[in-house]
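User: Could you take a close look at the salt bridges here and walk me through where the partners sit and how exposed they are?

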Amino acid sequence: MSDLTTSAHAKVLFARLMTHGRLRQLRLLVAMEDLGSIARAAASIHLSQSAATQAVGDLERLLDVKLFDRHARGIRATLAGQALIAAARGTLASLMGAAESLSALQRGASGTLRLGAIPAASYTLLPPLLEVFCVDHPNVHLEVKEDAGNALLPLLLAEQLDAVFCRAPSSLPAGFAFTPLLADDVVVIGAASHPMAGKSNVSLQSMADSRWVMPTINIEVRAIFDAVVLRSFPEAQFLMVSTVSVPVLEGLLQQGNAATICPRSVSKGLLANPRICLLDVTLPARLPPLSPLGVAYRESNPAESLQN
């Protein structure tokens, strides 16, 4: 590499992609990773194998990197390929979202409202709000993206979302606001077959033999989990999965003596499953607080439909 700084070199590569890259190449990269074969990937997007091979070669020469390695069972993306494919997936997803918005507008929608929501908000805040909203604004096309707050808030700041239903951020730039809508706290839930299921006033030490599902890092409930479980049980057993996906969590909690600490807002949906139950565990009195659920939005230019 030349003596260009990393930032300057990145700008050079970006300029090359903007000048010579094509959307079909991005589709091809994603298909190659998903299918593990250039022949199957080419067929899936209606390209000949020779055209696909040339398209990948053109990209590799353009960026001066190798994107795929060949092996006995097909192909595997290199680290450079993985980085470009991750960006390609995001780009294609954004374009699909734009296409859906355009389609809705062409079919008579009066506008589009783009919302982000963390899983806790999806379970508690959004259903009743959207029910009313859809009655009052039947011609507004809604797009809802679910993810962790630290992934959604940057999209709000970049004007890619109109509002984010999340926990109170520690700070927001000038021009943005957060309105709290629902207080929340934490509970312990686990498998209905858990040895402590159905018992009252369970001491925390009685949970020592549980297999814990650890909340993913960078969400508020993880700090509470660490303060309770990791501090009380240094040798705790874990199901080695960390996720913000409620369906995945629901599946994990059905295993034997599985348990976790989760927001009460999320537990309400999980407890609809008869194989999961609330565990009446007495938690320490002083725990890190769980911020309220609410909505973050741009003050200077909030969506008209959201204001209403």
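Analyst: Happy to; here is a tour of the salt bridges, pair by pair. This is a predicted model, in which local features need pLDDT of at least 70 and side-chain atom pairs count only at pLDDT 80 or more, while totals for chains, interfaces and linings use all residues. Residues are numbered from 1 along each chain as its sequence is written, and side-chain values use heavy atoms, leaving out hydrogens and water.

A salt bridge means a side-chain nitrogen of Lys or Arg within 4 Å of a carboxyl oxygen of Asp or Glu, and the whole structure holds nine of them. One of them pairs Asp58 with Arg61, with the closest N and O atoms 2.6 Å apart. Both residues belong to helix H4 (residues 49–63), and because they are three residues apart, about one helical turn separates them. Helices (H or I, at least four residues) and strands (E, at least two) are DSSP runs, numbered from the N terminus. Asp58 is partly exposed at 27% relative accessibility, whereas Arg61 is exposed at 60%; buried means under 20% relative accessible area, exposed over 50%, and partly exposed in between (1.4 Å probe, protein chains only).

Next, Arg298 and Glu159 form a salt bridge, their closest N and O atoms lying 3.3 Å apart. This pair links distant parts of the chain, 139 residues apart: Arg298 is in strand S12 (residues 293–298) and Glu159 in the loop between H8 and S5. Arg298 is buried at 18% relative accessible area, while Glu159 is partly exposed at 48%. Finally, Glu33, Asp34 and Arg89 are joined into one network by salt bridges that share partners.
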